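Colleague: Could you take me on a close look at a single part of this model, the second largest pocket, and then point out a few spots elsewhere on the chain? I would enjoy a connected account.

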Amino acid sequence: MKEFKYKTTFSSVIKPIISKEKDLYLAKASLEELRQFIPNVDLDVNYDLLGVAFPLFNVNRFNKNDDGVDTAFALHIYKSFINKYINNNHKRDAVLGCILSAHLTEFDNDKPLTEEDVKGTNNVFNVTVGGVLWRVVNQGLTDLIEDSNDVLDDNYGKIKASFEVGFSDYKIVECPANSRNLSEGRIIEDPEETE
């Protein structure tokens, strides 16, 4: 496997598609709109699967590590997440499921966008993925993910998805204080200034 000089981690909240019997007190995360991110899987018939969707990362916005992805690179890589495994705590030998689809969505909601909608923009949007977790592999974790979307549960909002990405090259962007948006920053092009 290729080694990269640098690594960063992105994280977000997992949104499960909850079974009807658990659906009484759940937040917007279980809305039917999430089903569009999990293609060709009948979750009512395949009750041993937990469908999940989550924004994998924000585009044109820097994460807590001050790393980010611009539109051009996001469009280049977002479909490469399809068919990748989902594991537990970045442990490659603890595979729990599979990513089945990758989408572009509006920032802070699940409204789908097209490549044409975002091409050339520096506005913030998401790369959102959909997939399934196999309940029989880790029933405790899939139950916990469902519970973490119940506003009445102690674990509400506590379960996150994250991924680590390696890279060998980067650009530096100078942003004003309290800003994480690429659109508000200045890309430093001068090699001496970069140093």
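Modeller: Happy to! First, a cut-off that we will need: a residue counts as buried under 20% relative accessible area, as exposed over 50%, and as partly exposed in between. Please also keep in mind that this is a predicted model.

Now to the pocket you asked about. The second largest pocket holds about 800 Å³ of space. Its lining is made up of 31 residues, and those closest to its centre are Ser 11, Ser 12, Val 13, Pro 55 and Asn 58. Three strands each supply at least two residues of this lining: S1 (6-13), S3 (49-59) and S7 (125-134). Of the contributions, that of S1 is the most, at 5 residues. If you are thinking about the chemistry of the lining, the classes split into 13 polar, 10 nonpolar and 8 charged residues. As for the idea behind such a search, rolling a probe the size of a water molecule over the atoms shows where empty space is left.

Strand S3 also gives us a residue to look at by itself, since Leu 49 sits in that strand. Leu 49 has a relative accessibility of 14%, so it counts as buried. From Leu 49 to Ala 161 there are 112 residues in sequence, while their C-alpha atoms lie 17 Å apart in space.

Let us move on to the surface. Trp 134, Val 136 and Val 137 form a nonpolar patch there, and together they have about 290 Å² of accessible area. Within this patch, Val 137 belongs to the loop between S7 and helix H3 (139-147). Val 137 has a relative accessible area of 43%, and because that value falls between the two cut-offs, the residue is partly exposed.

Lastly, here is a backbone detail that you may like. Most residues other than glycine have a negative phi. Asn 89, however, has a positive phi near 55°, and His 90 has a positive phi near 60°. Asn 89 is in the loop that runs between strand S4 (85-88) and strand S5 (91-106), and His 90 is likewise placed in the loop between S4 and S5. With a relative accessible area of 58%, Asn 89 is over the 50% cut-off and therefore exposed. His 90, at 42%, is partly exposed.

Methods. Residues numbered from 1 in each chain as written. Predicted model: local features only at pLDDT ≥ 70, side-chain atom pairs only at ≥ 80, totals over all residues. Heavy atoms only, no water. 1 Å grid on protein atoms, 1.4 Å probe; cavity = no way out; pocket = protein on both sides within 12 Å on 5 of 7 lines; lining within 4 Å. Points joined across faces, edges and corners; volume = space filled by probe spheres on them. Helix = DSSP H or I, 4+ residues; strand = E, 2+ residues; numbered from the N terminus. Nonpolar A, V, L, I, M, F, W, Y, C, P; charged D, E, K, R; others polar. Patch = residues over 30% accessible without salt bridge, like charges linked within 9 Å, V, L, I, M, F, W, Y side chains within 5 Å. Areas by Shrake-Rupley, 256 points an atom, 1.4 Å probe, with all protein chains shown as cover. Salt bridge = Lys/Arg side-chain N within 4 Å of Asp/Glu carboxyl O. Buried < 20%, exposed > 50% of the residue type's maximum accessible area, 1.4 Å probe, protein only.
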